[in-house]
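Me: I would like to learn how to read a few features of a protein model. Please give the general idea before each case.

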Amino acid sequence: VPTARANAAYFRQIAALDAFIAAGHDPRRPLIVAGDFNVGKEALRRATLLGGAAVHWHPSGRVADALHEAGRLGLPLSADALFSLNRARDWQFFAAGSRAGLALTGLTAPFGRDADGRMLSDHVGYVADFRFVPPPSAGETLAATRNARSRA
């Protein structure tokens, strides 16, 4: 289909996801949202997805994605994880709750290519590992919100 039609459907899907999370997520609890978001190199899709996440998914606006957070933390990323990062189709977002936070502790890509290098799917499956941590303080939440909005 033409790009305009595909994007119109995409924007409706993101709006439905935003509404679902806003209605169903208890902000006292951490949030993980993962899936095939088909962003790719489409700047408008990326802006819509990330903007919706910051505005609708969590009151603080601080929603991170596992692949970029792993890079920021200096966690090792395999070639398959880097492929997924650069492809920008599959995302795992996470946010702290007011009663508990989440810390990314590792990221692996156990499902990507077979022994001869062929792709097993049109997606690289990756696993983000988290541990529960104390919730961020009010000052940390405010600073994180400012940083997240300044990067957007």
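What follows takes the sheet, the cores, one buried residue and the cavity in turn.

Me: What kind of model is this, and what is left out of side-chain values?

Reply: This is a predicted model, where local features need pLDDT of at least 70 and side-chain atom pairs count only at pLDDT 80 or more, while totals for chains, interfaces and linings use all residues. Residues are numbered from 1 along each chain as its sequence is written, and side-chain values use heavy atoms, with hydrogens and water left out.

Me: In what order do the strands lie in the sheet?

Reply: Strands of a sheet pair through backbone hydrogen bonds, either parallel or antiparallel. Helices (H or I, at least four residues) and strands (E, at least two) are DSSP runs, numbered from the N terminus, and two strands pair if DSSP finds at least two bridges between them. Here three strands form an open sheet, ordered E1-E3-E2, with antiparallel pairing. E1 and strand E2 (64-65) are at the edges with a single partner strand each, so one side of each has no neighbour in the sheet. E1 and E3 are joined by six bridges, and Gly35 stands opposite Trp91 in E3.

Me: Which residues have the most contacts inside the largest nonpolar core?

Reply: In soluble globular proteins, nonpolar side chains tend to be buried together. A nonpolar core is a set of buried Ala, Val, Leu, Ile, Met, Phe, Trp, Tyr and Cys residues joined through side-chain atoms within 4.5 Å; buried means under 20% relative accessible area, exposed over 50%, partly exposed in between (1.4 Å probe, protein chains only). The largest core has 15 residues, and Val33, Phe37, Leu49, Trp57, Trp91 and Phe93 have the most contacts inside it. Helix H1 (3-24), strand E1 (31-36), helix H2 (43-57) and strand E3 (90-95) each supply at least two of its residues. A second, separate core of 13 residues includes Ala66, Leu67, Phe94 and Tyr126.

Me: Is Asn7 buried or exposed?

Reply: Asn7, found in helix H1, counts as buried, at 9% relative accessibility. Leaving aside neighbours within four places in sequence, Asn7 is in contact (heavy atoms within 4.5 Å) with Glu42 and Arg45.

Me: Which elements give two or more residues to the lining of the largest cavity?

Reply: On a 1 Å grid over the protein atoms alone, a cavity is a set of points where a 1.4 Å probe fits but cannot get out; lining residues have an atom within 4 Å of a point. The elements here are helix H3 (66-73), helix H4 (79-87) and E3. The lining includes Arg46, Asp65, His68 and Tyr126.

Technical notes:
On a 1 Å grid over the protein atoms alone, a cavity is a set of points where a 1.4 Å probe fits but cannot get out, and a pocket is an open set with protein on both sides within 12 Å along at least five of seven lines; lining residues have an atom within 4 Å of a point.
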